[in-house]
Amino acid sequence: MIGHVDADCFYVSAERVRFPHLRGMPVGVLGNHGACIIAKSYEMKAAGVKTGTPIWEAVPLCPQGVYLKRDFTWYEVLSRKMLAIVQAASPRVEFYSIDEQFYLARDWTLDTARRLQSEILQRVGVPVSIGIAPTKTLAKLISDTSKPFGCGIVLDQHDRQELLAGRPITDVSGIAKRNAARLAEHGITTCDQFAAADRAFIRWLLTKTGEDLWWELNGISVLPIQMKRPEHKFISRGGSIGAASRDPARVRAFVVRNIERLVEALTHYKVCCDHLILSLLFTDAPERTLRSSLLGSQGDFDALLEAALHLLPLAWQPPTAFVHYMHVIAANLRPVARRQRSLFEQPKLEDIKHAVNSEMGRFALRSGATMPLVDVYGDAANAYDICDIYGKSCF
Ligand SMILES: [Mg+2]
């Protein structure tokens with residue numbers, strides 16, 4: 001059997017560990033730009049505040065609420081503590097996301113699940129819900145429905161049917177809007193309809209990913225617990241750039257910042273890439289994604305920045321549109337040890353930067369092209385992001 005541990009409103013619970021007076025109060029955690037709610041307590045949810053609600057709409061809905069900025073450095077501390085407890089309880093554990101683990105449940109009584117739940121609450125201070133089922137997909141579904149602070153088990157056919165009956169198919173992680181729309185065209189909107197559908201048809205409609213979910217919902221495990229993070233196909237850095245901007249210096253500075261973060265990640269994973277992709281999302285124009293193939297396999301700042309700055313004017317001509325989100329993506333990855341060298345390689349500034357920053361702090365020595373972002377670097381909330389937490393298998 002497979003267990004799934006999932007913290008209840010994790011970011012809020014993590015804040016309550018260090019600020020115990022927040023218990024029982026409506027609490028909202030804000031994204032790094034302080035504009036949107038990215039997590040809320042059950043008390044705040046009851047006031048009508050949803051994930052994604054901007055602060056200016058949340059405050060009138062919940063004026064007595066406490067609003068805090070997220071701090072991934074702290075959340076990672078608690079996440080690793082949770083992981084260690086689950087690892088002590090099971091020989092096979094997957095670090096799925098910052099607040100979720102899958103584990104091999106050798107003893108699958110409700111009692112053992114409750115014991116693990118109370119151990120995590122006592123030693124970490126975070127309430128979790130636990131689901132146990134024959135497959136990862138069912139385990140995640142039953143832990144979701146057991147929230148808050150519940151435990152649920154899918155033991156037999158009857159439990160499985162009860163769990164799936166009438167439940168929207170979008171409750172299954174892996175079936176998002178587009179796939180749900182495709183299924184709806186064929187009259188499939190619930191989990192039980194999906195599980196009862198013809199397997200070959202699901203494979204035709206949603207490829208192997210859909211077929212895997214079909215097996216899993218039918219109680220046959222095809223998605224193993226991954227103790228080691230699977231190899232990356234892509235590595236991406238970026239996200240929102242705060243208030244949308246069409247200032248060329250600011251947008252360019254964000255490209256530089258994201259390339260520096262990407263190079264950090266490539267160095268961590270000891271990989272380099274053959275292609276670089278730049279993706280820009282605008283508030284008032286369709287998304288643009290462009291790819292550049294590099295001269296040999298690259299993992300250093302200068303080569304990747306050159307490629308990104310080559311793509312930038314091809315993707316966006318200021319002042320035509322407001323840039324809102326940006327990603328730089330390393331593609332066609334290969335281990336540094338097996339990289340294709342170029343005839344035109346330069347000595348690496350990157351090594352100096354890495355040596356200084358590992359002593360003096362992340363971003364202490366950085367490109368002068370990031371100068372327009374004094375606000376971003378001056379705010380500690382931007383120092384560490386969720387994608388900087390290594391080892392998770394969710395992305
Ligand atoms: Mg959670």
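Okay, let's start with one residue: Met44 has 27 C-beta neighbours inside 10 Å, so Met44 counts as buried. The cut-off for that label is 20 or more other C-beta atoms within 10 Å. And before I go on, please keep in mind that this is a predicted model.

So where does Met44 sit? You'll find Met44 in helix α2, which covers residues 42-46. And which residues does Met44 touch, leaving out those up to four places away in sequence? There's Pro26, Val27 and Gly28, and then Val49, Cys62 and Gly65. Now pick a residue a long way along the chain: Trp316 is 272 residues from Met44, and their C-alpha atoms are 40 Å apart.

Let's stay with Gly28 for a second, since Gly28 is one of the residues Met44 touches. Gly28 stands opposite Lys40, and Lys40 belongs to strand β3. Strand β2, residues 27-30, is joined to β3 by 3 bridges, and the two run antiparallel.

Now add another strand to the picture. The order β3-β2-β4 gives you an open sheet of 3 strands, and the pairing is mixed. Which strands are at the edges? Those are β3, residues 37-40, and β4, residues 66-69, and each of them pairs on one side only. If you ignore direction, neighbouring strands in this sheet are turned against each other by 30° on average.

Okay, zooming out. The chain splits into domain 1, residues 9-70, domain 2, residues 75-217, and domain 3, residues 234-388. Take the centres over C-alpha atoms, and domain 2 and domain 3 are 35 Å apart.

Last stop: helix α7, residues 157-164. Its buried residues are Arg160, Leu163 and Leu164. Why are these on the same side of α7? Because they cover an arc of only 90° around the axis. What do you get on the other side, buried or exposed residues? Over there, His158 and Glu162 are exposed.

And what do the buried residues of α7 pack against? Three helices: α6 at 136-145, α9 at 191-196 and α10 at 199-217. One more detail, just past the end of this helix: Gly166 has a positive phi of about 70°.

So, two things to look for on your screens. Find Met44, buried in the model, and then turn α7 until you can see Arg160, Leu163 and Leu164 on one side, with His158 and Glu162 on the other. That's it from me!

Note on methods
Residues numbered from 1 in each chain as written. Predicted model: local features only at pLDDT ≥ 70, side-chain atom pairs only at ≥ 80, totals over all residues. Helix = DSSP H or I, 4+ residues; strand = E, 2+ residues; numbered from the N terminus. Buried ≥ 20, exposed ≤ 12 C-beta atoms within 10 Å, placed from the backbone. Contact = placed C-beta atoms within 7 Å. Domains from an automatic or database assignment. Arc of directions from axis to C-beta. Pairing = 2+ DSSP bridges. Axes fitted to C-alpha atoms, helices over the stretch in contact; angles between N-to-C directions.
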